[in-house]
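Visitor: Got a minute to walk me through this one? I'd like to start with the overall fold and then move on to the ligand.

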Amino acid sequence: MAAGRCEACGVDDAARADETTTATPAADSTDTAGRTAAGTPIVSARDLVKVYGEGDTAVRALDGVSVDFARGAFTAIMGPSGSGKSTLMHCVAGLDRPTSGSVVVDGEETSRMSERGLTRLRRTRLGFVFQAFNLIPTLTALENITLPLDIARRPVDAEHLDAVVRAVGLADRLDHKPAELSGGQQQRVACARALVARPAVVLADEPTGNLDSVSSREVLAFLRRSVEDLGQSVVMVTHDPTAASFAHRVLFLADGRVVDELHDPTAESILATLGAIGPDVTREDRSAAALDTRPDPADAEHAPHQERHAHAHHPRHAAPES
Ligand SMILES: Nc1ncnc2c1ncn2[C@@H]1O[C@H](COP(=O)(O)OP(=O)(O)OP(=O)(O)O)[C@@H](O)[C@H]1O
Ligand SMILES: [Mg+2]
C-alpha cells in the first residue's frame, strides 16, 4: 500500500501538488452520466499472474487472468477463500503489482506506471469501499463523504454531491457522526464517499461482509442505483450469492483463474455455479443464500430493468470475455 494513502477512504494525499493537471477527467471523453467512450471496458486485465513469495513457498495467487469489466456495469467477483479475488482487486487498484500481465484502467496502462502515477490514478479515477466502513468518527456523514475531495483539495460539485446524497438516501442524516448511524447507513456513507469524486470505477471488497441482511440490501441497492442512475462502474468482491445477485454479471475465480461467469444472475444460479466450481464453497455461503434475502420489491424497482440495462450498457454482454 502506498505511503500517504488515507486508510479511511483509500485516497492518496502524496500527489496533491499536481492536482490541477490531473484532477478533472478529459472533458471530451466523459458525458454527463460519467460514462466515457461507450463500448470500451473500464478495466481490462490481460494474462495477469501474481506470485507471492519464492521457491517452495511461492503462491500463485493469480494464474493468467484475462477479463474486461464493462463501463456502467455492476460486476461481482466470487470464488472460494484464497482464490485470488482480493489480489485481482489490488492489482486493478495498483495497490499490488502483477508479476506479469497488464491492467488498463480507463485507458491507462497501470502495470508499468510509477508509484506516483498509481497514486494519481487511485486519487482521481478509483473509489474504494472496504468491509470495515473506515469512517472518521469525529466527522459528520457529510464531512466523511466529501473527505476524498477535501484531501485532494478539489472543489465539491454541489449538483453531483446532491445526486449522490439522494441516491444514498441519507439526506436527513448528513449531520450525524458515524456512531449515530446504523451499520448499513455507515456503509452507505462509505459508498457515497467512494462515488463523490466521480471515479471511473468503484472497487468494493466484501462491502456487506459486516452487515446484516437488511443493511446489506440497503448498500447493494445503493450500489446498483449508482450504476443505473449515475452511470457508475462498480466491481464488487463478495462471498454472498444474494449480494452478487444485485450485479449485472458475476465472475467466478478458483485457484487464481476465471473459471465461469453469469450474466443477469440470481442467487440460485450463483449458488449452482459455486457448487459446480468445487467443494470449497463454505457453509456460510450456502446458508446466506438459503436466507430469503433476495432483492426486496421495494429495492427492486431496478430489477425489472436489469436485462434491458444489461444489454443497453453492455455491448460485450453477448460475447463474454475470458
Ligand atoms: N501478501 C501476500 N503474501 C503472500 N501470499 C499472499 C499475499 N496476499 C495473498 N496471498 C495468498 O494469495 C492467495 C489469494 O489470496 P486473496 O487474498 O487474493 O484471496 P481471496 O480470494 O480474496 O480470499 P478471501 O475470500 O479469503 O478474502 C491466497 O493463497 C493467499 O494466501
Ligand atoms: Mg479477499
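Visitor: So how many helices and strands are there in the protein?
Guide: The protein has 12 helices and 10 strands. Keep in mind that this is a predicted model.

Visitor: And what share of the residues is buried?
Guide: Of its 322 residues, 47% count as buried.

Visitor: OK, the sheet. In what order do the strands of the open sheet run?
Guide: The order is S6-S7-S8-S3-S9-S10, with mixed pairing across the 6 strands. S6 (126-129) and S10 (257-263) are at the edges with a single partner strand each, so one side of each has no neighbour in the sheet. From one strand to the next, the twist averages 20 degrees.

Visitor: Do S3 and S8 pair in the parallel or the antiparallel sense?
Guide: Parallel, over 4 bridges between residues 74-78 and residues 234-237. Within that pair, Ala-76 has Met-236 of S8 as its bridge partner.

Visitor: Which strands does helix H10 touch?
Guide: H10 (residues 267-277) packs on the sheet against S3, S9 (249-254) and S10, at about 160 degrees to S10. Helix H7 (residues 183-195) lies across S6 and S7 (201-205), and runs at about 170 degrees to S6.

Visitor: Switching to the ligand: which residues surround ligand 1?
Guide: Among them are Tyr-52, Val-59, Gly-82, Lys-85 and Thr-87. The shell divides into 3 nonpolar, 8 polar and 1 charged residue.

Visitor: Which element supplies the largest share of that shell?
Guide: Helix H2, with 3 residues. Both H2 (85-93) and strand S2 (59-69) supply at least two.

Note on methods
Residues are numbered from 1 along each chain as its sequence is written. Chains are lettered from A and ligands numbered from 1 in the order in which they are written. This is a predicted model: local features need pLDDT of at least 70, side-chain atom pairs count only at pLDDT 80 or more; totals for chains, interfaces and linings use all residues. A residue is near a molecule or strand if its C-beta atom, placed from the backbone, lies within 6 Å of it. Ala, Val, Leu, Ile, Met, Phe, Trp, Tyr, Cys and Pro count as nonpolar, Asp, Glu, Lys and Arg as charged, and the others, Gly among them, as polar. A residue is buried if 20 or more other C-beta atoms lie within 10 Å of its own, exposed if 12 or fewer, and partly exposed in between; C-beta atoms are placed from the backbone. Two strands pair if DSSP finds at least two bridges between them. Axes are lines fitted to C-alpha atoms, for helices over the stretch in contact, and angles run from 0 to 180 degrees between N-to-C directions. Two residues are in contact if their C-beta atoms, placed from the backbone, lie within 7 Å.
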